[in-house]
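Thanks for making the time this morning. I would like to walk you through one model, beginning inside a single strand and working outward from there.

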Amino acid sequence: MTVAPGWSSSRVAGRIVLKTAAGLSLAYILLPMVFVIWLAFFAQEIPSFPPEGYSLKWFRAIPGNDRFVSGFLLSLQVAVVATSIGLTIGVPAAVYLVRGRFAGREVVNNLLLLPLIVPGIVLGLALYVFHVEAEIATGWPIIGSFGGLVAGHVLIGIPWTVRLVTASLVGMDHTVEEAAQSLGANRLTTFWRITLPAILPGIVAAALFGFVASFGNLEMSLYLVGPGRTTLPIAILQYLEWKIDPTIAAVSVLQMLFIGAAMLLTDRFVNISRVV
Amino acid sequence: MARLQLTGITKFYGDVRAADDVSLDVAHGEFLVLLGPSGCGKTTTLRVVAGFVEPSSGSVHLGERDISALPPWRRNAGLVFQSYALFPHMTVAENVAFGLEMRKIPKAEMAPKITEALRLVRLDRLGDRLPRQLSGGQQQRVALARALVFRPDVLLLDEPLSNLDAKLRQDVRVEIRELQRKLGLTTVMVTHDQEEALIMADRLVVMNEGRIRQIGSQQDLYERPAEKFVADFVGRSSFIDGRMDGSGRFVSAGGLVVACEGSGVGNASLALRPERLALMTADAPAMDNSFSGAVEFISYLGSQVDLHVRLSPKERVIVQIQNRPEQSLPAIGEQVQIGWRKSTGRVFQS
């Protein structure tokens, strides 16, 4: 290839700098995961380098560990239910925020993003206090209940839904909806037939991120779980309190595989990188 | 198809009058073009007809119906957008079927209507494609088929050609016009492109600052512009500022005395069409007005040449001459003699 002289050297240098920077950033993100995965296969109980040998025994031990299995199942249930509720609330909210005209639109928009900004510990404590007060006031069993835990996780999902669905709505060509209306579709039909398909990638991405955020949430959940009800991240933390063997690494690897599979699966249906 | 009547449409956005007392009467089968610069109120007017803008006052009648209070989906108006606004997740045939579906037409009756609509716009083989697999011109035709298939009472075109390249635009103008005539569609088109407006319209409406400035045929607007804005916007004009100094006598700010057909006394502008000014050669017949000036700029456009001629320190006019091989063109800086008949200049009193 011939390149105009004078251009070529600075261009090539620029490209090298860019690629190096990108490579370093990627390594910085991936390195901890690489170590966790590596550690999961160590044979010895106390993690030390270099490994004394490799083994799959930590993986084999997981199905036998009741706390991990029930933790996984609870996290899965909570994440699925909370994400569904979050979408049911968040999608209409996003539509109204973008299409509606009302005073304080920006304020509401920012309020809905708050759960993402407030630290999980603070959020959890606030919810716990609220649950205590609510239980005293109503007499219903709220503290440490499944419903209470789900209600908290709904909060985690809503900012994702609002943000991502809002973005897809803003990016959507509004005249397409007008075209549908001029062709005879009322507002509801227009939403179902035109708007919803257009923002579906945003909704799926929101569901995925909400799910992942809920599934991995530790700080807030610590306040909301009750006796005999432990999510997977809490089970991991509790295990770590008196053991540091590679079981944790093995559980983490499974968790990564699970979430990675969920991402790949959704990416087959919608191109997530288009909306995020 | 039906007659469309707008009566006293006014639309305020805050303090701004986007449309100011707009009244129109579009006959059955007529092709009316709303022409004007951006922000003149033409799109607002079209959106009032479509039902997307609720006017602050005034009414819209379509045929026998008063549609002023109806939502867009009950108006039975076919709309083609500048961006085409095709449904990206539906095939061409599904896009065209949408309007029929909304009207609860049985599936069996839909198929022939879709085929016919696609044949009308010469896309009958592309029914299974998705919009993004089509060229701009093809998308435009799908939008047209989609707006026509359900037999709308009125066809509304919002700058439908401005996203097409120049060559294609010329073909599509003729195509749309022929289709509209064949189907006898009452049509309102919005455009800022005067050439497009002149080619396609039965009748034109020139708008500016929310108000209708003139309604008329191509000849009306070009030969008898009602005001300075129209003379400037439709076709080209060189303007000379000055004052009327009695009947038939215009004195420019730079001191030129021009014979014209205006009357009255007072400040005025004189509009001159470049192609009606002549370059006077030695053997040319005398004209009512004749001035000499220096050529300051030349635009060579192939079949024609524009000369920008300085008549006085305050006045410069454009003279458009035909480019003939036997004629030698003046050079920049050369003194030339130009002239025009007194009927050429149009006077706008201010």
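**A buried strand and its surroundings**

Let me begin with strand β8 of chain B, where B:Thr187, B:Met189 and B:Thr191 point one way while B:Val188 and B:Val190 point the other way, and all of them are buried. By buried I mean that 20 or more other C-beta atoms lie within 10 Å of the residue's own, with exposed standing for 12 or fewer, partly exposed for anything in between, and the C-beta atoms placed from the backbone. Helices (H or I, at least four residues) and strands (E, at least two) are DSSP runs, numbered from the N terminus. Five of the five residues of β8(B), which covers residues 187-191, are buried, so this strand is largely enclosed by the rest of the structure.

Before going on, I should say that this is a predicted model, in which local features need pLDDT of at least 70 and side-chain atom pairs count only at pLDDT 80 or more, whereas totals for chains, interfaces and linings use all residues. Residues are numbered from 1 along each chain as its sequence is written, and chains are lettered from A and ligands numbered from 1 in the order in which they are written.

Which strands flank β8(B)? Strand β3 of chain B (residues 31-35) is joined to β8(B) by five bridges and runs parallel to it, with B:Phe31 standing opposite B:Thr187. Strand β7 of chain B (residues 154-158) is also parallel to β8(B), through four bridges, and here B:Leu156 stands opposite B:Val188. From β7(B) the chain crosses through helix α5 (residues 166-183) to β8(B), and this β-α-β crossover is right-handed, meaning that, with the strands pointing away from the viewer, the path from the first strand over the helix to the second runs clockwise. For pairing in general, the criterion is that DSSP finds at least two bridges between two strands.

Now to B:Val188 and the core. If we leave aside neighbours within four places in sequence, B:Val188 is in contact with B:Leu4, B:Val26, B:Leu32, B:Leu34, B:Leu46, B:Val49, B:Val154 and B:Leu156, where contact means C-beta atoms, placed from the backbone, within 7 Å. B:Val188 is also among the residues with the most contacts inside the largest nonpolar core, which has 96 residues, and it shares that standing with B:Val33, B:Val96, B:Ala145 and B:Leu156. A nonpolar core, for our purposes, is a set of buried Ala, Val, Leu, Ile, Met, Phe, Trp, Tyr and Cys residues joined through C-beta atoms within 7 Å. Apart from this core lies another, of 43 residues, among them A:Leu123, A:Val150, A:Val154 and A:Ile234.

Two of those contacts of B:Val188, B:Leu46 and B:Val49, belong to helix α1 of chain B. This helix, residues 42-50, is mostly covered, with nine of its nine residues buried, and just after α1(B) the residue B:Gly51 takes a positive phi of about 100 degrees.

Two further contacts, B:Leu4 and B:Val26, take us to an open sheet of four strands in the order β2-β1-β4-β5 of chain B, with antiparallel pairing. Because β2 (16-26) and β5 (65-66) each have a single partner strand, they stand at the edges, and one side of each is left without a neighbour in the sheet. Seven bridges join β1(B), residues 4-13, to β2(B), and B:Leu4 has B:Val26 as its bridge partner. These two strands form a hairpin with two residues between them, and B:Gly14 in the turn has a positive phi of about 65 degrees. At the other edge, two bridges join β4(B), residues 57-62, to β5(B), with B:Leu62 opposite B:Arg65.

Turning to the interface, the contact takes 14 residues from chain A and 16 residues from chain B. On the side of chain A that touches chain B, α7 (174-182) and α8 (187-215) each supply at least two residues, and α7(A) gives the most, with seven.

Finally, a word on confidence, where pLDDT is the predictor's confidence in each residue, from 0 to 100. Chain B averages 92, with 100% of the residues scoring at least 70, whereas chain A has a mean of 85, with 95% of its residues reaching 70 or more. Among the elements of chain A, α7(A) has the highest mean pLDDT (94), and helix α12 (residues 272-275) the lowest (55). For the complex, the predictor gives an ipTM of 0.84 and a pTM of 0.79.

Definitions and conventions: Two residues are in contact if their C-beta atoms, placed from the backbone, lie within 7 Å.
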